[in-house]
Amino acid sequence: MGVVTQEYATPAAVPPARLFKAMSLDFHNLFPKIVDIIQSIEFTEGSGGAGTIKKLTTIEGDKTKYVLHRVDAIDEVNFVYNFSIIGGTGLADNLEKVSFESKLVEGPNGGSIRKVHVQYFTKGDAKLSEEELKAGQAKVEGLVKLVEGYLLANPDY
């Protein structure tokens, strides 16, 4: 097994507390409403805290896939949300799992910066291409921007 690490930071124009609530605490309710390909997110184990496993089902074209999302740690005071994608038909065949450590910090003008540390655990001696890494980063950054847009349009959320 190999490990490929990636780090990046994504700015958002909303305060950390609002972005944390939407992307971490309430994502199972919010994401199916605002992300077109997400059909459902259901709890399969636990009730939201560390150790909880959620099944996230997507529909892309005529294919239905799912991933198992395990909550590894939540720190609401420091805006930390760590999780791993641990299985499912949506996890690439060459990966054992993907672990995300994310922390929101104060950004300029009342906004926030979402700092992410990602570890891709590959099967055997599988390699990840630069394109695969960039695509994974683009997906995560795109979700941050999508949630940011939703929060800006819905100030009472």
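Helices here are DSSP runs of H or I with at least four residues, numbered from the N terminus. The model is predicted.

**Exercise 1. Place Asn29 and classify its exposure.**

Step 1. Asn29 belongs to helix α2.
Step 2. Buried means under 20% relative accessible area, and exposed means over 50%.
Step 3. Asn29 has a relative accessible area of 38%, so the residue is partly exposed.
Step 4. For a distance check, take Tyr8. Asn29 and Tyr8 are 21 residues apart in sequence, and their C-alpha atoms are 26 Å apart in space.

**Exercise 2. Find the buried residues of α2 and say how they are arranged around the helix axis.**

Step 1. Phe27, His28, Leu30, Phe31 and Ile34 are buried in α2.
Step 2. Look down the axis of α2. The buried residues fall within an arc of 165°, so they line one face of the helix.
Step 3. The general background: an α-helix has 3.6 residues a turn, so residues three or four places apart point the same way.
Step 4. Now find the cover. The buried residues of α2 are covered by elements including α1 (16-25), β2 (38-45), β3 (53-60), β4 (63-75), β5 and α3.

**Exercise 3. Describe the packing of α2 against α3.**

Step 1. Two packed helices are described by the angle between their axes and the distance between the axes.
Step 2. For α2 (residues 27-34) and α3, the angle is about 90° and the axes are 11 Å apart.
Step 3. Angles of 65 to 115 degrees count as roughly perpendicular. The pair α2 and α3 is therefore roughly perpendicular.
Step 4. On the α2 side, Leu30, Phe31 and Ile34 make the contact; on the α3 side, Leu143, Leu146, Val147 and Tyr150 do.
Step 5. Sort the contact by class: seven nonpolar residues, no polar and no charged ones.

**Exercise 4. Identify the best-connected members of the largest nonpolar core.**

Step 1. The core holds 34 residues.
Step 2. Leu19, Phe31, Val98, Phe100, Val118, Tyr120 and Val147 touch the most other members.
Step 3. Helix α3 (residues 130-153) supplies the largest share of this core, with five residues.
Step 4. Take Val98 as a case. Skip residues up to four places away in sequence. Val98 then touches Phe83, Ser84, Ile85, Leu91, Val118, Gln119 and Tyr120.

**Exercise 5. Locate Asn94, and decide whether Asn94 is buried or exposed.**

Step 1. Asn94 sits in the loop between β5 (80-87) and β6 (95-106).
Step 2. The relative accessible area of Asn94 is 18%, so Asn94 is buried.
Step 3. Leave aside neighbours within four places in sequence. Asn94 contacts Phe121, Thr122, Lys123, Ala126, Lys127, Leu128 and Glu132.

Conventions. Residues are numbered from 1 along each chain as its sequence is written. This is a predicted model: local features need pLDDT of at least 70, side-chain atom pairs count only at pLDDT 80 or more; totals for chains, interfaces and linings use all residues. Side-chain values use heavy atoms; hydrogens and water are left out. A nonpolar core is a set of buried Ala, Val, Leu, Ile, Met, Phe, Trp, Tyr and Cys residues joined through side-chain atoms within 4.5 Å. Buried means under 20% relative accessible area, exposed over 50%, partly exposed in between (1.4 Å probe, protein chains only). Helices (H or I, at least four residues) and strands (E, at least two) are DSSP runs, numbered from the N terminus. Contact means heavy atoms within 4.5 Å. Axes are lines fitted to C-alpha atoms, for helices over the stretch in contact, and angles run from 0 to 180 degrees between N-to-C directions. Angles under 35 degrees count as roughly parallel, over 145 as roughly antiparallel, 65 to 115 as roughly perpendicular and the rest as oblique. Ala, Val, Leu, Ile, Met, Phe, Trp, Tyr, Cys and Pro count as nonpolar, Asp, Glu, Lys and Arg as charged, and the others, Gly among them, as polar. The arc is that of the directions from the helix axis to the C-beta atoms.
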